[in-house]
Number of protein chains: 2
Amino acid sequence: MAGDRPPLDDPSCHHAGPSPVDEILSVEKAQRMAEFFGVLGDPNRWRILSALALSEMRVGELAAAVAMSESAVSHQLRILRATRLVSYRKQGRNVLYCLKDDHVFNLYREASDHLDEPPEE
Amino acid sequence: MAGDRPPLDDPSCHHAGPSPVDEILSVEKAQRMAEFFGVLGDPNRWRILSALALSEMRVGELAAAVAMSESAVSHQLRILRATRLVSYRKQGRNVLYCLKDDHVFNLYREASDHLDEPPEE
DNA sequence: ATAACATATGAACAACTGTTCATGGTTTAA
DNA sequence: TTAAACCATGAACAGTTGTTCATATGTTAT
């Protein structure tokens, strides 16, 4: 595709480690990726996730912690459950939510690193 | 917040490594996170990124590779540039795009791992 | 200069997303 | 058994997003 181009030791074109991608993503795979990252594309969901990173919480506590209506929080939790980003357990009439695993931590760190990088030009 | 709860050695509630978050994300920080991940929340942008993971490409080549109009690709590249996910260099009337760094690789791997995990229940 | 090529951009419209509001289902307490 | 507390869900509406279409800018070739 681009094998017949003038020799380029382009400093802005990083190709350090081996790419995990060996061909263009299929539309299906791209769709799944997009759906997952789209869930992380909402500020209130990040606030909810960060609250759960501190401790498990009931829906009402969460709503108070992030200053949202309980309904709105519940709707978002439904999405976070479907994406398996949070886990929950029922205790009587309460439902305790918590983070499912630490994938979200790694994603947070990676994004933070990227955002903290200098504009460079 | 949740310190006075029955002893819970909840297996579904992971708290392995230290959390990178020590308080609920501010709305500003949450907003920046969401904007970044929102960019990764589109399937066509993932196809473009995966194409650029293979080799640097001109806009026209990209458009052909991912089967989109050149205009649509250009619009998306604008967003990917603003997010510093891609880099570019002009060569005459052509513009060669490539991935800026390998943060996107790590994010891809992390997401893939998460998506490949068993439903668990 | 003129034409053809390569890419970028603005406006507009359809599709999607997240909230609010109203309601329903469970569980505890009186 | 009522009533209250806690949470979930459906509909609807506003705001956002991504594409297409038309047009503009800049570059190479004739």
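Trainee: How much area is buried between chain A and chain B, and what share of that area do carbon and sulfur atoms give?
Mentor: About 6,900 Å² is buried between chain A and chain B, and carbon and sulfur atoms contribute 62% of that area. Please keep in mind that this is a predicted model.

Trainee: Which elements of chain A touch chain B?
Mentor: Seven names belong on the list, each giving two or more residues to that side of chain A: the helices α1 (27-39), α2 (43-54), α3 and α5 (103-116), and the strands β1 (57-58), β2 (86-91) and β3. The largest share comes from α5(A), with twelve residues.

Trainee: What classes do the residues on that side of chain A fall into?
Mentor: The side of chain A that touches chain B holds 36 nonpolar, 17 polar and 22 charged residues.

Trainee: How many residues are in contact across the two chains?
Mentor: On chain A there are 75 residues in contact with chain B, and chain B likewise brings 75 residues to the contact. Of the interface residues of chain A, 99% are also interface residues in chain B, so the two copies meet through the same surface.

Trainee: What rotation superposes chain A on chain B?
Mentor: A rotation of 180 degrees, with 0.0 Å of shift along its axis, places chain A on chain B with an RMSD of 0.0 Å. That is the relation of a two-fold axis.

Trainee: How many salt bridges cross the interface, and how many residue pairs are in polar contact there?
Mentor: The rule finds zero salt bridges across the interface of chain A and chain B. Polar contact, however, is found for 16 residue pairs between chain A and chain B, both residues being at pLDDT 80 or more.

Trainee: And over all chains, what is the salt bridge count?
Mentor: The count over all chains is two salt bridges. A:Arg89 forms a salt bridge with A:Glu56, and their closest N and O atoms are 2.7 Å apart. This pair links distant parts of the chain, for A:Arg89 is in strand β2 of chain A and A:Glu56 is in the loop between α2 and β1 of chain A, 33 residues apart.

Trainee: Why can such side chains pair at all?
Mentor: Side chains of opposite charge can pair when their charged atoms come close.

Trainee: Let us turn to the DNA. Which residues come closest to DNA strand C?
Mentor: Of the 24 residues that surround DNA strand C, the closest are A:Asn44, A:Arg45, A:Gln76, B:Ser71 and B:Tyr97. Sugar and phosphate make up 70% of the atoms of DNA strand C that come within 4 Å of the protein.

Trainee: Which parts of DNA strand C do A:Asn44, A:His75 and B:Val59 approach?
Mentor: An N or O atom in the side chain of A:Asn44 is 2.4 Å from a phosphate oxygen of DNA strand C. The side chain of A:His75 has an N or O atom 3.4 Å from a base oxygen of DNA strand C. B:Val59 uses a backbone N or O atom, which lies 3.2 Å from a phosphate oxygen of DNA strand C.

Trainee: Which element gives the most to the surface near DNA strand C?
Mentor: That element is α4(B), with six residues. By class, the surface near DNA strand C has five nonpolar, eleven polar and eight charged residues.

Trainee: And what comes nearest to DNA strand D?
Mentor: There are 23 residues around DNA strand D, and the nearest are A:Tyr97, B:Asn44, B:Arg45, B:Gln76 and B:Gly92. Sugar and phosphate account for 74% of the atoms of DNA strand D that come within 4 Å of the protein.

Trainee: Which atoms of DNA strand D do A:Ser74, A:Val95 and B:Arg93 approach?
Mentor: A polar side-chain atom of A:Ser74 is 2.9 Å from a phosphate oxygen of DNA strand D. A polar backbone atom of A:Val95 lies 3.5 Å from a phosphate oxygen of DNA strand D. For B:Arg93, a polar backbone atom is 3.4 Å from a sugar or linking oxygen of DNA strand D.

Trainee: Which element supplies the largest share there?
Mentor: The largest share of the surface near DNA strand D comes from α4(A), with five residues.

Methods: Residues are numbered from 1 along each chain as its sequence is written. Chains are lettered from A and ligands numbered from 1 in the order in which they are written. Side-chain values use heavy atoms; hydrogens and water are left out. Copies are superposed by least squares on the C-alpha atoms of residues with pLDDT of at least 70 in both. Contact means heavy atoms within 4.5 Å. A residue is near a molecule or strand if one of its heavy atoms lies within 4 Å of it. A polar contact is a pair of N or O atoms within 3.5 Å; within protein, one must be able to donate a hydrogen and the other to accept it, and residues adjacent in sequence count only if both atoms are side-chain atoms. Helices (H or I, at least four residues) and strands (E, at least two) are DSSP runs, numbered from the N terminus. Buried area is the accessible area (1.4 Å probe) that two parts lose on being put together, summed over both. A salt bridge is a side-chain nitrogen of Lys or Arg within 4 Å of a carboxyl oxygen of Asp or Glu. Ala, Val, Leu, Ile, Met, Phe, Trp, Tyr, Cys and Pro count as nonpolar, Asp, Glu, Lys and Arg as charged, and the others, Gly among them, as polar.
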